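Here's a quick look at how two chains meet, and at one helix pair inside one of them. Have the structure open while you read.

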Amino acid sequence: MAVAKKLKRAPVSVNGRAVGGDASQPGGKAPFLDELAAVRLAAIVESSNEAIISKDLKSIITTWNPGAEKIFGYSADEMVGTSVMRLIPADRQGEEADILSKIKRGEKVDHFETLRLTKDGRLIDSSVTASPIKDATGRIVGVSSIARDITERKQAERALIDSKERMRLATEATRVGIWEWNVLTNLVTWDAQMFEIYGMVPTQDGLATYITWRNLVLPEDLTQEEALLQETILWGGQNVHEFRIQRADNQECRHIQAVLTTRKNATGQVEWLVGTNLDITERKQAEAALRASEERFRTMANCIPQLAWIALPAGDIVWYNERWFEYTGTTVEQMQGWGWQSVHDPKVLPQVMANWKAALETGRPFEMEFPLRGRDGQFRTFLTRIQPLKNAEGQVLNWFGTNTDVEALKAAEQKVQNLNIELEQRVAVRTAELKKANEELEAFSYSISHDLRAPLRAMGGFARMLESQLAGPLTPEAQHSLQRIRENATKMGQLIDGLLDFSAMNWQPVAKKKVEPADLVRAVFAEIRAEEAQQPVEIEIAQLPPCEADPKLLKQVFVNLLSNAVKYSRGRNPAVIKVGWRQEKNECVYFVQDNGAGFSMEYAGKLFHVFHRLHSAEQFEGTGVGLAIVQRIVQRHGGRIWAEAEVGRGATFHFTLGGTHYG
Amino acid sequence: MAETDILLVEDSEDDASFFTHALAAAQPSAQTTVARDGVEALLLLFGAENPERGVPTICPRIIVLDLKLPRMNGLELLRLLKTNPHSRSIPVVILSSSKEKRDLVESYQLGANSYLAKPMDFDEFAGLVRTLGRYWLECNLLQKI
């Protein structure tokens, strides 16, 4: 035993006392006992797991036990007589001088934790204790140094620190506060997050009190909370619950979600209550907002007159409004999934299914009318509209559907349709009647034109024959009478012609096209002048705007009006006729003006009546159908006609043609 | 039935008498035969022959035809006369009170050679008949059947 041998060679004292020496007998008066102590000490040194090294004041190693060999890898032979500096890492070499200066002052170095180098170059955590070695005179001659390998402990410590740090980071990130309550010592500790949650400044040591917490819990929730704590202490276990607090700093009410658990000591007694707190106010508010929003939606959905429902993307209907159940008389259970099919008309259902499946596949909205059975068993027609609610990726999240009762609407539509059909039938009947009446009128006119004329011609003819055959013996009066018979027969023939013309105006079709009235007026005037050229007549024709009219009928209007103008201006020198127009509101008003005989406005209303005349045939010849025909033509074009006149000062006839004109 | 120049188909006795009266003044030699309606006219023309295919037994130089006639009206008679190849070439002059466009159009479509409206005035009527007689019997060259 190298160490023992060396110890024998140089007796040393440790910790300032002679090793194995009796404290009451300094100086070592009992050699046997000293010897025994030295042997025991040597055995301890020999078997120790710690490195027990002695060195002189110049750091030269004097002894090196097996423990040192085990820790540092060097043997005693390698180390004794060499400097201890080879065990110290380069950046820590200064430590040795510090230790030596302390030793030289007679001081100890206790559990100095540092790093040391092993033979194979590893750095190991070491705890070093160094004490002076004194000789018999008490002079410090060396250093006894004990080094312990504390690598494992250090690692454990670091792991613990790491784990605590992770815990801190985790709680910080999740904002979960952690507290512990030692039931036995009544010590309560909070982590920083707990103080943060409760709106308090953290205490130096993280200590809090039960009372502090209790004061911040809302009184309504406190009873339940305390009961829960009592229960947990008694029965152990873990529970999750919620309560409300009033923050210390701003009195704000916050919702807390808490987890509570217990930790028992070795004796199985509950020693610790451990819990976490999490502020879930925002979540609660969001939940409340969502509930309110859902509540609003449901209220609205139940207020609308439509049946409404929500389906999953695959088509299962998961919610119906109250209206649905009221109308169909079904229950929530009956309507689960595809239960809605039971209120459909089996004849229409396949089409509904086809449309619904097509919508489900394409994600497109759909609209359809189909019958739904009410609680009374009667089907009513509903207009159904289904809209998909999609997410940002275009996936359908839900389908929203409404069914609007359109039965009344359909019935009304049907009624309107029926009325229309009925109306059409009535119109058809009336049209047929009118057509028949027209045909009868036509036949009547045809008959008149043949049958009424023949006797007139006979009357006139025979009177003429009588006149020529009996010329001699006839008195002038008799001759005049015969002439009157002939004249009247002719006159009646003219009346019949006029009547036929007038009646033709009632059924002749009006074929409208674009007409230049000024051209018509010029042509008509030329014709009239050709017949009666000797009368001095001046005519002024304005630039008349074109219009939509039947050219033949419009020509007849101008023929009659211009003939009248010429006829009733007879004797004027010159007769002046003006044909003009003006814009009145949205209408074009044409007029024909003369400076002739005129008439009293008193009779203006009768002017357009058939066979009604304001002048005698002696004054102005005529049948009394001309203006009636003009009025009928104007009316058949959708227009109006009226006259202004003064006796002896001429007359003006105004008329419109309705419809389109080219202003 | 002797040879005739004019076959007048006219139901009105008065008009027929005016016609012959007026014509006699201008064409004293002209022979006028009067039929009172279409049926009578056919009998005069074809006798027992089928009027659709038969050869007329008498051959007037012109036929003057009123339209409104009892039994068979003027247009029906006109159609028969103008479809039968043997009577087709006899000139037919319509003399009617009607100035209706449809009568006019239909008459010409069926092959009438002229359409005259009877004037109301007797002097005009007499003048027209004289003109008619002069034109058809003197001016116009007729094909002898």
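Chain A and chain B each put 20 residues into their contact, where contact means heavy atoms within 4.5 Å. Keep in mind that this is a predicted model: local features need pLDDT of at least 70, side-chain atom pairs count only at pLDDT 80 or more, and totals for chains, interfaces and linings use all residues. Residues are numbered from 1 along each chain as its sequence is written, chains are lettered from A and ligands numbered from 1 in the order in which they are written, and side-chain values use heavy atoms, with hydrogens and water left out.

Between the two chains, about 1,900 Å² gets buried, 57% of it from carbon and sulfur atoms (buried area is the accessible area, 1.4 Å probe, that two parts lose on being put together, summed over both). On the chain A side, A:Tyr446, A:His450 and A:Arg457 lose the most area to chain B, together 37% of what that side buries.

There are four salt bridges between chain A and chain B (a side-chain nitrogen of Lys or Arg within 4 Å of a carboxyl oxygen of Asp or Glu). One of them pairs A:Arg486 with B:Asp123, with 3.9 Å between the closest N and O atoms.

Now for the helix pair in chain B (helices are DSSP runs of H or I, at least four residues, numbered from the N terminus).

| Helix | Residues | Contact residues include |
|---|---|---|
| α1(B) | 13–26 | B:Phe18, B:Ala22 |
| α5(B) | 122–139 | B:Phe125, B:Val129 |

The axes of α1(B) and α5(B) come within 8 Å and cross at roughly 60°.

Note on methods: Axes fitted to C-alpha atoms, helices over the stretch in contact; angles between N-to-C directions. Helix = DSSP H or I, 4+ residues; strand = E, 2+ residues; numbered from the N terminus.
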